[in-house]
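Student: Please take one part of this model and examine it closely. I should like a connected account.

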Amino acid sequence: MKRTLVIGDIHGGYNALIQVLDRAQITSNDTLIFLGDYVDGWSDSPQVISYLISLKETHDCIFLKGNHDQLCLDWLLTKKDNPKWLLHGGKSTIDGYNKLTTDEIKLHIEFYECLKDFYIDTQNRLFLHAGFTNLKGPEQEYFPRMCYWDRTLWETALALDPRIAKDDPLYPKRLLLYPEVYIGHTPVTRIGKTIPVQATCVWNIDTGAAFKGPITAMDIDSKQFWQSDPVYILYPEERGRN
Ligand SMILES: [Mn+2]
């Protein structure tokens, strides 16, 4: 059977990533779409990246870019301090990278540089880390980094009054472009959930791995999903981004 699995935010939780892919019983027939934010949070950020690099040798993988991945790449390239990044999980990533060799880091930089802002499959389903703001879609985005920073798409979808019909001029144009949009970035734990949440056409797969939630992998055709244990349980000595 050929499945397409979408995997939400990981945030350095290597142990939980292994657990969820094991529970989903992935095979080399599966296509794996990773929604980004591989790093920052738990102490295994470089291990996550090394694992993803090896995974693409055996599986069809699509790797999207998260805001944390971009912040990490910026640091790897410039070594410039970013106090805000340090506060939001960057410190653990720097500590992790200090244990890697120059050659390993070079491979990681190549990985980060190949991450996609967005991906649209043959059924016009859209995948991206955060959202987009242009009413015509992410291809027209004036600031491409919104693909990995935006929260307005998700807020719009969540707040939409269900009485507004799709042909109503008030219906948000951004929610009419794709039959399904898969995002991470804004943890559903913020609205008290720990499983994927659908609002209109938008599916949010970020189940709060950086905080008190698990990592989630979902089969986008059947909507069946698998989850790791809450990641913090697998890192009992750490505080993550809490
Ligand atoms: Mn994010």
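Tutor: In this predicted model, 5 strands (DSSP runs of E, at least two residues, numbered from the N terminus) form an open sheet of mixed pairing, in the order S3-S2-S1-S9-S10. Strand S3 (60–63) and strand S10 (225–227) have a single partner each, so they stand at the edges with one side lacking a neighbour in the sheet. From one strand to the next, the twist averages 20° (between N-to-C directions of axes fitted to C-alpha atoms, on a scale of 0 to 180 degrees). At the S3 edge, S2 and S3 run parallel and are joined by 4 bridges; DSSP must find at least two for strands to pair. Phenylalanine 34 has phenylalanine 63 in S3 as its bridge partner.

The loop between strand S2 (31–34) and helix H2 (45–58; helices are DSSP runs of H or I, at least four residues) holds aspartate 37. This residue leads to the metal site: Asp37 (OD), Asn67 (OD1), His129 (NE2) and His185 (ND1) are the protein donors of the manganese ion, 2.2 to 2.3 Å from it. Donors are N, O and S atoms within 2.8 Å of the metal (3.2 Å for Na, K and Ca), and sites may look incomplete because water is not among the atoms. Along the chain, the donor spacing is D-x29-N-x61-H-x55-H. Aspartate 37 is 148 residues apart from histidine 185, which lies in the loop between strand S6 (181–183) and strand S7 (197–199). Aspartate 37 counts as buried because its relative accessibility is 2% (the limits are under 20% for buried and over 50% for exposed, partly exposed in between, with a 1.4 Å probe and protein chains only). Histidine 185, at 5%, is buried as well.

Residues are numbered from 1 along each chain as its sequence is written. Local features need pLDDT of at least 70 and side-chain atom pairs 80 or more, while totals for chains, interfaces and linings use all residues; side-chain values use heavy atoms, without hydrogens and water.
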